[in-house]
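User: I have a model open and would like to understand the labels people attach to it. Could you take me through them, each with its reasoning?

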Amino acid sequence: MKKIALIIIPVFAVLTGCATGNSYLANRNTTIEMYHIFDIKTKASTSEVAKAAADGLTQNTSDISQVLPLQMGKTVPVEPGRFVIDDVGAKLAGTGMGTMLQMAAMQNGGISMKAANCEGAVWTSRAQRSIAGSSNLTLYNCLYKYQGGYRLDTYAVFKKVEGGIYQVSRDIANSLVGTPEQWVNKTILDTVHSIEKATGARVVRLEGQPELTELPSGTLVGKN
């Protein structure tokens with residue numbers, strides 16, 4: 001135990017003894033948004049595609065809420081729908097909850113709570129994964145059916161923590177299992193890969209930010 005302490009103290013002293021060290025030790029909380037849209041060519045039923053997507057999500061998230069809304073009297077559209085991003089605080093403006101959310105946003109660098117609006121989707125989900133002291137992910141999926149197949153819109157909001165005395169441990173963990181950003185990408189791609197595997201679908205990524213550098217086997221990448 002004494003040996004460990006002797007190692008840590010000099011390292012800590014070096015880090016705190018220069019501007020670079022101070023920057024490294026400063027606590028930083030960053031909120032990052034991502035979205036990616038995939039076109040899915042398959043004749044599989046909505047329930048089959050939705051189950052495959054949910055199965056993919058379970059590989060990387062711990063809490064999933066999903067909805068398969070009724071489609072009574074609805075005809076399959078020629079063109080698929082598209083998600084929009086709602087500012088939750090703005091939508092609740094004038095209410096007690098809205099005021100609380102807006103105050104929280106001001107304390108969080110002006111970043112408000114956002115959520116995907118999946119109006120018209122045949123399946124929606126909200127998945128979460130939280131790693132204490134590292135990152136917190138909320139991932140929305142909107143599945144739209146149209147005459148050519150399906151469109152899957154994904155929207156992720158995740159917060160990551162950097163700096164402080166635990167950053168060395170985070171750096172080691174990131175080098176072994178990947179960064180928080182890479183895990184968000186993996187979560188999205190595993191969902192798509194699950195749909196491909198279960199339905200034999202041909203999937204094309206149409207657009208998104210930031211760029212996806214790795215795609216599951218068989219997935220085609222469209223232009224941004």
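**Labels and their reasons**

Analyst: Happy to! Let's begin with Lys114: its relative accessibility is 32%, so it counts as partly exposed, because buried means under 20% relative accessible area, exposed over 50%, and partly exposed in between (1.4 Å probe, protein chains only). Before we go on, please note that this is a predicted model, where local features need pLDDT of at least 70, side-chain atom pairs count only at pLDDT 80 or more, and totals for chains, interfaces and linings use all residues. Residues are numbered from 1 along each chain as its sequence is written, and side-chain values use heavy atoms, with hydrogens and water left out.

User: What makes Glu33 and Lys114 a salt bridge?

Analyst: Their closest N and O atoms are 3.3 Å apart. A salt bridge is a side-chain nitrogen of Lys or Arg within 4 Å of a carboxyl oxygen of Asp or Glu, so the pair qualifies. The two residues come from distant parts of the chain: Glu33 is in strand E1 (residues 28-41) and Lys114 in strand E4 (residues 114-117), 81 residues apart. Helices (H or I, at least four residues) and strands (E, at least two) are DSSP runs, numbered from the N terminus.

User: Why is Glu33 called partly exposed?

Analyst: Its relative accessibility is 37%, so it falls in between the two limits.

User: How many salt bridges does the structure hold?

Analyst: Seven. One of them joins Lys51 and Asp55, with the closest N and O atoms 2.9 Å apart.

User: Why are Lys51 and Asp55 said to be separated by about one helical turn?

Analyst: Because they are four residues apart in helix H3 (residues 46-57). Lys51 is exposed, since its relative accessible area is 53%, while Asp55, at 34%, counts as partly exposed.

User: Where do Lys186 and Asp190 lie, and how do you know that Asp190 is buried?

Analyst: Both lie in helix H7 (residues 180-199), four residues apart, about one turn of the helix. Their salt bridge has its closest N and O atoms 2.6 Å apart. Asp190 has a relative accessible area of 15%, so the label buried applies. Lys186 has 34% and is therefore partly exposed.

User: Which residues are linked in a network of salt bridges?

Analyst: Asp39, Lys41 and Arg151. Arg151 also lies over the face of Tyr146.

User: What makes Arg151 count as lying over the face of Tyr146?

Analyst: Arg151 is at 5.4 Å from the ring centre. A charge sits over a ring if NZ of Lys or CZ of Arg is within 6 Å of the ring centre and within 35 degrees of the ring normal, so the distance meets its limit.

User: How many aromatic pairs does a search of the whole structure find, and why is the pair of Tyr35 and Phe83 called tilted?

Analyst: The search finds three. Tyr35 and Phe83 have ring centres 6.2 Å apart and planes at 45°. Rings of Phe, Tyr and Trp (its six-membered ring) pair if their centres lie within 6.5 Å; planes under 30 degrees apart count as stacked, over 60 as edge-to-face and the rest as tilted. The 45° angle therefore makes this pair tilted.

User: What does the pair of Tyr35 and Phe83 tie together?

Analyst: Parts that are 48 residues apart in sequence, because Tyr35 lies in strand E1 and Phe83 in the loop between strand E2 (63-67) and strand E3 (84-87). Tyr35 and Phe83 are buried, and they form one aromatic cluster with Tyr140 and Tyr155.
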